[in-house]
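Welcome! Take a moment to look over the sequence and the model, and then let us walk through its charged side chains together.

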Amino acid sequence: MAGAARRPDGHVTQERMLEEAMTAIAKDGLSSLTMSALAERLGTSGGHILYYFGSKDLLLLAALRWSEAALAKERRALLSRRITAERKLDRFLRLYLPRGPRDPRWTLWIELWARTPGNGALGEAQEELDRGWHEDLEALLAGGVARRRFAPLDPAARASELLALLDGLSTRVVLGQASGRDPRPALEVARSAVRALVAPYAPDAGDGPDGSGDGTRVAGDGPGAVDNSPDGAGS
């Protein structure tokens with residue numbers, strides 16, 4: 001394939017294989033992704049791909065890990081930003097949910113979920129990826145409580161509840177179900193759930209989030225607040 005990144009010996013790099021696999025899934029769906037089809041897209045051989053990944057299952061898992069690694073960087077950057085916990089939580093929702101029915105990352109998740117029973121290694125890998133999301137959401141919630149943005153709650157339990165809801169919403173979008181194929185309603189449902197499950201802190205008059213006396217809230221800055229900043233970066 002013209003322009004494909006290659007090693008000096010002329011072989012397509014592993015990263016390029018994963019990138020092309022994700023592109024193929026987004027364009028044509030997972031059922032059309034065979035080792036031979038992927039090899040043809042890359043201008044290499046199916047044996048070369050198998051040399052690096054061993055099987056289609058392992059290729060799919062590697063592609064998912066590659067995609068999740070990029071999102072993990074985005075989550076770390078989000079958690080370190082100097083914005084309110086409410087806005088962080090809203091952006092976490094958008095980062096987690098699929099972009100649409102052909103979202104390749106979520107297509108892979110659903111496929112690999114179905115292949116997990118009886119495959120211990122695959123199950124362990126999925127648990128590891130899930131744990132990263134859970135730990136980051138738990139830290140986000142705990143930070144919001146500590147800074148008096150959220151009312152007291154159990155961060156671990158609430159993170160589990162929210163992620164279970166997001167998984168269900170995401171599955172509906174990716175499977176193209178009638179009430180879920182548009183990702184925008186799914187985001188609104190997630191925001192509504194946040195408003196129900198993560199109550200805002202209710203300080204005494206004049207008692208700010210950090211005890212400094214600055215307790216004024218900006219309109220729409222509560223849990224589940226909609227972030228309409230042009231670039232999604234906010235302030």
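A salt bridge here is a side-chain nitrogen of Lys or Arg within 4 Å of a carboxyl oxygen of Asp or Glu. With that in hand, a network of salt bridges can be seen linking Arg16, Glu19, Glu20, Asp28 and Arg41. Please keep in mind that this is a predicted model. By the rule just given, the count comes to twelve salt bridges.

Three pairs are set out below.

| Pair | Closest N and O atoms |
|---|---|
| Glu128 and Arg65 | 3.5 Å |
| Arg191 and Asp90 | 2.6 Å |
| Arg158 and Glu161 | 2.8 Å |

Let us begin with Glu128 and Arg65, which form a salt bridge. Glu128 belongs to helix 7 (residues 120-146) and Arg65 to helix 4 (residues 56-80), so this pair ties together parts that are 63 residues apart in sequence. Glu128 is partly exposed, at 40% relative accessibility, and Arg65 is also partly exposed, at 32%.

Next comes the salt bridge between Arg191 and Asp90. Because Arg191 sits in helix 9 (residues 183-197) and Asp90 in helix 5 (residues 85-96), the pair joins parts that are 101 residues apart in sequence. Are these two side chains buried or exposed? Arg191 is buried, with a relative accessible area of 3%, and Asp90 is buried too, at 0% relative accessibility.

Finally, Arg158 and Glu161 pair up within one helix: both lie in helix 8 (residues 155-174), three residues apart, which is about one turn of the helix. Glu161 counts as partly exposed, at 37% relative accessibility.

Conventions. Residues are numbered from 1 along each chain as its sequence is written. This is a predicted model: local features need pLDDT of at least 70, side-chain atom pairs count only at pLDDT 80 or more; totals for chains, interfaces and linings use all residues. Side-chain values use heavy atoms; hydrogens and water are left out. Helices (H or I, at least four residues) and strands (E, at least two) are DSSP runs, numbered from the N terminus. Buried means under 20% relative accessible area, exposed over 50%, partly exposed in between (1.4 Å probe, protein chains only).
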